[in-house]
Amino acid sequence: MNALEVIHLTKTFNTITAVDDASFEVPDGCIFGLIGRNGAGKTTTLRLLMNIYMPDRGEVKLRGNPIGQEFRSKSGYLPEERGLYKRMRVLDTLLYFAEIKGKTGKEIHRSAEEYLERFDLLDRKMSKLEDLSKGNQQKIQFIITVLHDPDFIILDEPFSGMDPINTNLLKEIILEMKRKGKVILFSTHLMDFAEKLCDHIAMIDHGKIILKGSLQDIKSKYSRQNISLEHTGDISFLNGHPIVEKISDFGNSKGIRVKKPEDIQTLLKLLVDHNVGVTKFNANEISLHEIFIELAGSEADTSVVDKVHHDQL
Amino acid sequence: MINYRIVAVVKRELKEKLFSKSFLLTTFLIPLFMLGIIVVQGVIMQFQGDKNTVLEIIVESPSLLKELQTAFSQNKSIEEAKYSLSYRHMSRAQVDGYIEEKNKSLSAGKIDGIVFIPESAINDKSIEYYSKTPKAFAVTSKVSGLVNACLMDVYFRERNIADEDLNYARMNVDVKTFKVTEEKAVEETGMGNTILAYIFAFFLYLSLIMIGTMTMQTVMDEKTGRISEILLSSVHSRELLAGKILGVSITGVIQMAIWLSPILMLASTTWFALPPQISIDVSPGLLLYFLLNYFIGLLTFVGLYAAVGSIFDNQQDAQSGVWPLLLLIMIPFFMTFSMFNNPDNPVVNVASLLPFASIMIMPVKMTVADVAVWKIILSFCINVATVCIIFKLAGKIYRVGILRTGTKPKWSQIVKWIRYNY
């Protein structure tokens with residue numbers, strides 16, 4: 001069953017169409033990744049989901065009904081640009097953000113303290129936000145996102161600007177929420193994260209959805225003609241070879257796309273014949289990144305994206 | 001309408017504003033500041049700068065000389081200002097030469113001035129004053145007042161007029177003022193209400209600008225601190241704006257109520273007896289009206305200031321957006337001054353029914369004059385309607401503004417925001 005259905009969503013700002021007739025489905029109980037490079041329309045899509053923007057056309061349905069305030073109250077949203085009231089105290093901040101979601105009382109107070117304890121921040125509950133380190137402020141933001149026990153967790157570029165400890169912490173929270181049967185939807189330009197965490201994805205480029213579905217289906221569909229190769233020695237003889245459609249260089253590994261699935265065997269033979277030292281030959285593996293490049297092309301900023309995600313891993 | 005989200009925002013605003021140190025500080029500092037201005041003004045008025053004036057008084061007619069000597073030596077303000085006076089008797093022909101001779105002393109400031117009272121002054125009251133700074137009003141007004149009294153004495157004494165008649169001639173006209181209203185009996189008024197009107201105008205002017213600017217700053221902080229987006233995922237921008245405006249306005253009204261409480265005590269109890277010249281005649285109803293009117297004024301201006309805050313992301317740019325609002329507050333403030341000459345002047349009568357201006361002018365006008373009930377109700381309705389329109393307009397600008405960062409938008413763009421389906 002689909003928890004959310006995004007149907008022909010379109011949003012234009014002046015002359016720029018940020019989201020262009022986007023349709024995708026988010027199944028119940030899954031981790032869903034909305035993937036695309038910077039400026040592809042991810043944030044706008046999420047803001048449309050959260051009713052922060054009104055769509056020009058199209059709609060979003062929550063289990064068959066148009067979304068509204070009910071969905072907002074049931075969701076926890078962590079925007080990419082995130083800040084908090086600097087002079088407010090930690091506990092007050094948590095309780096305030098729960099209150100505007102409609103949750104008040106002793107239970108939420110206790111729950112807030114439990115989360116603080118879990119993140120080693122209980123002794124800081126009366127501190128002002130401005131006195132906390134940036135990493136600790138991020139922890140407070142995670143707690144705000146999940147404190148009111150939302151059914152939907154929507155995260156916009158959750159890993160950007162995060163240190164490794166908090167990155168792992170957030171991953172933990174995401175997986176824990178999944179175990180509880182919540183729907184997690186996040187946007188990212190970091191393909192590796194998406195690949196490790198997501199069950200379902202939608203790829204967005206220039207506002208259009210260019211690929212969607214379960215990660216497994218997508219990978220098996222694209223891997224049949226793709227080989228991930230790690231080697232020593234020269235493979236330049238493959239350039240322009242009749243069985244090779246395309247070679248992508250990912251640094252440590254090469255992605256080779258052959259013209260027909262049966263050409264894989266021929267390729268392996270060719271490599272052996274040319275005395276290339278094959279250290280890894282994976283014919284069933286294709287990274288999300290490779291699929292993305294194949295579909296969206298390797299425009300200048302994807303190399304930046306690539307670099308960023310390698311730095312962060 | 002009001003829901004739990006708006007209530008939560010209002011509560012947060014109250015917590016932040018009402019229970020803060022700055023609230024205590026401004027609540028007590030602003031009246032102190034006003035008092036300070038009044039005291040400084042008073043001190044400046046006192047300080048006329050004519051202390052230790054050295055004057056020479058030259059009289060042509062010997063009969064006048066003695067009169068003047070007694071008058072000057074008995075005068076209190078001359079004594080307080082420690083004038084040092086010397087008297088001479090001289091004829092018209094000698095005076096010119098004498099002035100020439102004293103030229104050096106005059107320009108060096110050894111002598112501040114020479115007063116010459118010719119024989120003819122008895123008939124035409126025309127005297128001469130020679131000085132480096134002849135326009136010293138503090139000096140000439142004192143001298144001329146005393147000389148006038150002496151001339152009158154001498155003139156009438158020669159005509160054998162009774163002292164009784166002479167005293168009558170010396171008397172000024174005393175205008176007692178009475179305020180006539182429809183309901184109440186005719187009452188004698190003092191300066192009290194005029195002072196009160198001045199205080200009201202000043203309170204409104206100062207606190208509207210102060211609270212408005214403060215709100216603008218917090219909206220800008222939310223915007224630049226990237227808090228808006230998290231808030232907007234739970235709260236609609238209209239709810240957020242409504243909660244913010246309500247919270248700030250309630251804080252403002254409470255502050256104003258604190259400021260007005262001494263006035264209420266002065267007006268309604270006899271604990272502090274004011275001298276009749278400055279007794280205050282205000283009903284608790286007027287004070288209540290003042291608070292209600294102030295609340296509506298706050299709703300209007302805080303909404304506008306919040307909208308301006310949402311447009312800009314730094315203080316410098318915001319200054320350029322804020323001047324139209326300042327004009328909306330300052331022009332009515334200066335209009336209120338015209339009421340101290342005539343509370344019923346046509347400019348004020350029209351302005352008391354105009355949106356924005358009415359908020360300041362109507363309560364001030366009601367303090368110094370009787371205003372027809374229908375006018376009060378009409379202006380109230382106009383103000384409420386203004387709040388509704390402003391809230392709609394500000395809400396649209398706010399919605400687009402708080403999520404927008406980057407270059408400073410042009411006014412034409414902002415007009416477009418109002419039409420956006422954002």
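Which residues does A:Ser253 touch, not counting residues up to four places away in sequence? Hi everyone, let's start there. This is a predicted model, so please hear everything today in that light. The answer is A:Ser228, A:Leu229, A:Glu230 and A:Ser248.

Where does that serine sit? A:Ser253 lies in the loop between strand 12, residues 244-249, and strand 13 of chain A. With a relative accessible area of 15%, A:Ser253 falls under the 20% cut-off, so A:Ser253 counts as buried. One more distance for you: A:Ser253 and A:Glu290 are 37 residues apart in sequence, and their C-alpha atoms are 11 Å apart in space.

Let me zoom out to chain A as a whole. Chain A holds 11 helices and 14 strands. Along the principal axes, its C-alpha atoms fill a box of roughly 75 × 45 × 35 Å. Of its 313 residues, 53% count as buried. Chain A exposes about 14,100 Å², and carbon and sulfur atoms supply 47% of that area. If you like contact statistics, take the contacts in chain A between residues at least 6 apart in sequence: 70% of them join residues at least 24 apart.

Now the domains. Chain A is divided into domain 1, residues 2-218, and domain 2, residues 219-312. Taken over C-alpha atoms, the centres of these two domains of chain A are separated by 34 Å. At their meeting point, 24 residues of domain 1 of chain A are in contact with 21 residues of domain 2 of chain A.

Keep that boundary in mind as we look at helix 8 of chain A, which covers residues 215-223. Which of its residues are buried? They are A:Leu215, A:Ile218, A:Lys219, A:Tyr222 and A:Ser223. Seen down the axis of helix 8 of chain A, the buried residues fall within an arc of 115 degrees, so they line one face of the helix. The general rule for spacing helps here: an α-helix has 3.6 residues a turn, so residues three or four places apart point the same way. On the other side of helix 8 of chain A, A:Gln216, A:Asp217 and A:Lys221 are exposed.

And what do the buried residues of helix 8 of chain A pack against? The partners in chain A are helix 7 (191-197), strand 9 (200-205), strand 10 (208-214), strand 11 (226-232), strand 13 (254-258) and helix 10 (288-296).

Over to chain B. The domain assignment there gives domain 1, residues 54-170, and domain 2, residues 191-419. The centres of those two domains of chain B, again over C-alpha atoms, are separated by 55 Å.

Two spots in chain B are worth a visit on screen. One is B:Leu29, in helix 2 of chain B, residues 21-46. B:Leu29 is partly exposed, at 47% relative accessible area. Together with B:Leu25, B:Leu32, B:Leu35, B:Val39 and B:Val43, B:Leu29 makes a nonpolar surface patch of about 580 Å².

The other spot is B:Arg88, found in strand 2 of chain B, residues 84-89. B:Arg88 also counts as partly exposed, with 33% relative accessibility. Leaving aside neighbours within four places in sequence, B:Arg88 is in contact with B:Glu56, B:Ile57, B:Ile58, B:Val59, B:Leu65 and B:Tyr98. B:Arg88 and B:Phe116 are 28 residues apart in sequence and 9.5 Å apart in space, C-alpha to C-alpha.

That's my tour. Thanks for listening!

Definitions and conventions. Residues numbered from 1 in each chain as written. Chains lettered and ligands numbered in written order. Predicted model: local features only at pLDDT ≥ 70, side-chain atom pairs only at ≥ 80, totals over all residues. Heavy atoms only, no water. Buried < 20%, exposed > 50% of the residue type's maximum accessible area, 1.4 Å probe, protein only. Helix = DSSP H or I, 4+ residues; strand = E, 2+ residues; numbered from the N terminus. Arc of directions from axis to C-beta. Contact = heavy atoms within 4.5 Å. Patch = residues over 30% accessible without salt bridge, like charges linked within 9 Å, V, L, I, M, F, W, Y side chains within 5 Å. Areas by Shrake-Rupley, 256 points an atom, 1.4 Å probe, with all protein chains shown as cover. Salt bridge = Lys/Arg side-chain N within 4 Å of Asp/Glu carboxyl O. Domains from an automatic or database assignment.
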